[in-house]
Amino acid sequence: MADDEPNDIMKHPSRWRLVSAFAPIEATPVRDAENAAWHQRHQHAHQHIEFMFAESGEVNCLFQHEVYRICAGTWMVFHRGDIHDYGYTPSADNALHWWFHLMHDSLMVRQVQIQAGRYNSIGEIYQIDDIVFSNWFSHEFDRLRHAALPKDIVRDNVMALLGVLMIRLREAMLQPPDDKNRHVQIVRLIERLIAEQKGKNIYGRKIAEMAGYSHFHFLRIFKQVTGMTLNRYVDKVRFSEFNSLLEAGLRRKEIAEKLGFSSVSALSHWCEKYKTQLRDPLKSVENGFSDWQN
């Protein structure tokens, strides 16, 4: 568990395996016919980098349209745009995983327990505020993604970086928890995540699970800390990004795609709805949107 001494496998990189787009995959592909439809419905991708470390148990996980058997000691690296599962299959059971969410100025780490397809954050959620580390770490993965290097050298680089990541977690586990400011810290992390995603592909239940709360409890805490609902906050972030794309001269179809809308008409409907809900919309945005519709 998170409050105890780290599991032995967390301290021995020689026992780790890697599933990523950087190097040959070190996990067994499986035919998961029982959950094929589930994987199809629950796959997603995003623009921030995530890592998952399997501490114990065995589960089937999707990576880039292929399902693999993920055993203890396996790292999964989800770079920007990598397709993977949102959640765990109904048959996933009796496993512990660590999730690392890398943002431009910080790192959030949580441990999840998987039981009968359900998963819950357990123990402390660790926040590592270190913009130098986060930027360096992100830069290194971007560099390796496109490096013209032999696969074994890329693999060794990736595993070395993951070793550093694990050490930062183990250091954080030694610090006493700050229960007094925990809610505020987590909401601020979620705010940064939403900003980095530009409001795209943000789902309330997924964010709540990431934060370690029930959906209802998280929505209440988020409003207490920020003064607005999660949906309204996401809309403000998306509208700000919409304004930037509009000023950059992008076409309607391009803007709809970048903001995660299924069509131009869906984007137009959202813009109209947002403007009627916002009491003091920016005049420049209103004028720009009127010109853009014509």
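I counted the secondary structure first: 10 helices and 11 strands in the protein, where helices (H or I, at least four residues) and strands (E, at least two) are DSSP runs numbered from the N terminus. Note to self: this is a predicted model, so local features need pLDDT of at least 70, side-chain atom pairs count only at pLDDT 80 or more, and totals for chains, interfaces and linings use all residues. Residues are numbered from 1 along each chain as its sequence is written, and side-chain values use heavy atoms, with hydrogens and water left out.

Burial next. Of the 294 residues in the protein, 49% are buried, meaning under 20% relative accessible area (exposed is over 50%, partly exposed in between; 1.4 Å probe, protein chains only). I also looked at contacts, meaning heavy atoms within 4.5 Å. Among those in the protein with a separation of 6 or more, 67% are between residues 24 or more positions apart.

Then strand β4, residues 49-56. How many of its eight residues are buried? Seven are, so β4 is largely enclosed by the rest of the structure. For pairing I used the rule that DSSP must find at least two bridges between two strands. β4 runs antiparallel to strand β9 (residues 95-102), with seven bridges joining them; I49 has L102 of β9 as its bridge partner. Strand β7 (residues 74-78) also pairs with β4 in the antiparallel sense, over four bridges, and there M52 is partnered by M76.

On to helix packing. I pulled up helix α4 (residues 182-196) against helix α7 (residues 230-247): the angle is about 40° and the axes are 9 Å apart. Axes here are lines fitted to C-alpha atoms, for helices over the stretch in contact, and angles run from 0 to 180 degrees between N-to-C directions. That makes α4 oblique to α7, as under 35 degrees counts as roughly parallel, over 145 as roughly antiparallel, 65 to 115 as roughly perpendicular and the rest as oblique. E191, I194 and A195 of α4 make the contact with L230, Y233, V234 and V237 of α7.

While in α7 I checked E241, which lies in that helix. Is E241 buried or exposed? E241 counts as buried, at 18% relative accessibility. Leaving aside neighbours within four places in sequence, E241 is in contact with K198 and L259.

Last, cysteines. I found zero disulfides in the structure, a disulfide being a pair of cysteine sulfur atoms within 2.5 Å. C61 is buried at 7% relative accessible area, and C71 is buried at 17%.
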